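Me: Could you take me through this model and tell me what backs up each label you use? I'd like the value and the cut-off side by side.

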Amino acid sequence: MTTYSPLSFTQTFRDGMLIVELKGAMDSALCLDGALDAADESPAKHVIVVLKGVDYINSAGFSALIRFSDVVTEGEKTLYVVGLEEKVHVVFHSLGAHSVLNILPTLNDALARIAEEGKQGHK
């Protein structure tokens, strides 16, 4: 039987962006509540969720991510989800997550997208 670590997160605020790095298992509808509060209260216009350290996600964890996305977008912020591990990517693909979430391969890809959008907004 495989055992997964409980979900934990770290957050970094820089250049108008909140970067939330997750580690462990996303296996509860409430697993993102702490990160959700941080994103909701942050002045950041862009929130990047890094899933590189997430080794397991089930339907409840995916539901928590959708709720997280809803809170971020209701706050007029843009959410990027990056760094999917292979097992997590398979789940996201099978659930059609790419059609409802802004998913990019890496943190650098999200940073480049944000920079490009900033340039387009200033034209």
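Reply: Sure, we'll go from the overall layout to the sheet, then to the helices and some single residues.

Reply: Before that, some ground rules: this is a predicted model, where local features need pLDDT of at least 70, side-chain atom pairs count only at pLDDT 80 or more, and totals for chains, interfaces and linings use all residues. Residues are numbered from 1 along each chain as its sequence is written, and side-chain values use heavy atoms, with hydrogens and water left out.

Me: How many helices and strands are there in the protein?

Reply: Four helices and five strands, where helices (H or I, at least four residues) and strands (E, at least two) are DSSP runs numbered from the N terminus. Their order from the N terminus on is β-β-α-β-α-β-α-β-α.

Me: What radius of gyration would a compact globule with 123 residues have, and what does the protein have?

Reply: The rule is 2.2 Å times the number of residues to the power 0.38, with the radius taken over C-alpha atoms. For 123 residues that puts a compact globule near 14 Å, and the protein has 14 Å, so the two agree. The box filled by the C-alpha atoms, taken along the principal axes, is roughly 55 × 25 × 20 Å.

Me: What share of the contacts in the protein with a separation of 6 or more comes from residues 24 or more positions apart?

Reply: That share is 71%, with contact meaning heavy atoms within 4.5 Å.

Me: On to the sheet. In what order do the five strands come, and what is the pairing?

Reply: The open sheet has the order 1-2-3-4-5, and its pairing is mixed. Two strands pair if DSSP finds at least two bridges between them. Strand 1 and strand 2 run antiparallel over seven bridges, while strand 2 and strand 3 are parallel and joined by nine. Strand 4 (residues 78–82) pairs with strand 5 in the parallel sense over two bridges.

Me: What makes strand 1 and strand 5 the edge strands?

Reply: Strand 1 (8–14) and strand 5 (103–104) each pair on one side only.

Me: Which residues are bridge partners in strand 2 for Thr12 and Phe13?

Reply: Thr12 is matched with Ile19, and Phe13 with Leu18. These two strands make a hairpin with two residues between them, and Asp15 in the turn has a positive phi of about 50 degrees. Elsewhere in the sheet, Gly24 stands opposite Val54 of strand 3, and Val82 has Leu104 of strand 5 as its bridge partner.

Me: Why is strand 2 called largely enclosed by the rest of the structure?

Reply: Buried means under 20% relative accessible area, exposed over 50%, and partly exposed in between (1.4 Å probe, protein chains only). Eight of the ten residues of strand 2 are buried, so the strand is largely enclosed. Across the 123 residues of the protein, 39% count as buried.

Me: Why is Glu21, in strand 2, called partly exposed?

Reply: Its relative accessible area is 38%, so Glu21 is partly exposed. Leaving out residues up to four places away in sequence, Glu21 touches Ser8, Phe9, Thr10 and Val50.

Me: How do you know whether His46 is buried or exposed?

Reply: His46 has 16% relative accessibility, so it counts as buried. The residue lies in strand 3 (residues 46–57). Beyond neighbours within four places in sequence, its contacts include Gly16, Thr78 and Ile114.

Me: And which label fits Ser69, buried or exposed?

Reply: At 9%, Ser69 counts as buried. Ser69 sits in helix 2 and is in contact with Leu79 and Leu101, neighbours within four places in sequence aside.

Me: Why is Glu86 called exposed?

Reply: Glu86 has a relative accessible area of 58%, so it is exposed. Its place is in helix 3 (residues 86–95), a helix that lies across strand 3, strand 4 and strand 5, at about 110 degrees to strand 3.

Me: Last one: what makes helix 1 roughly parallel to helix 2?

Reply: Helix 1 (residues 33–41) and helix 2 (residues 59–74) pack at about 10 degrees, with axes 9 Å apart. Angles under 35 degrees count as roughly parallel, over 145 as roughly antiparallel, 65 to 115 as roughly perpendicular and the rest as oblique, so helix 1 is roughly parallel to helix 2. The axes are lines fitted to C-alpha atoms, for helices over the stretch in contact, with angles from 0 to 180 degrees between N-to-C directions. Among the residues making the contact are Leu36 of helix 1 and Phe68 of helix 2.
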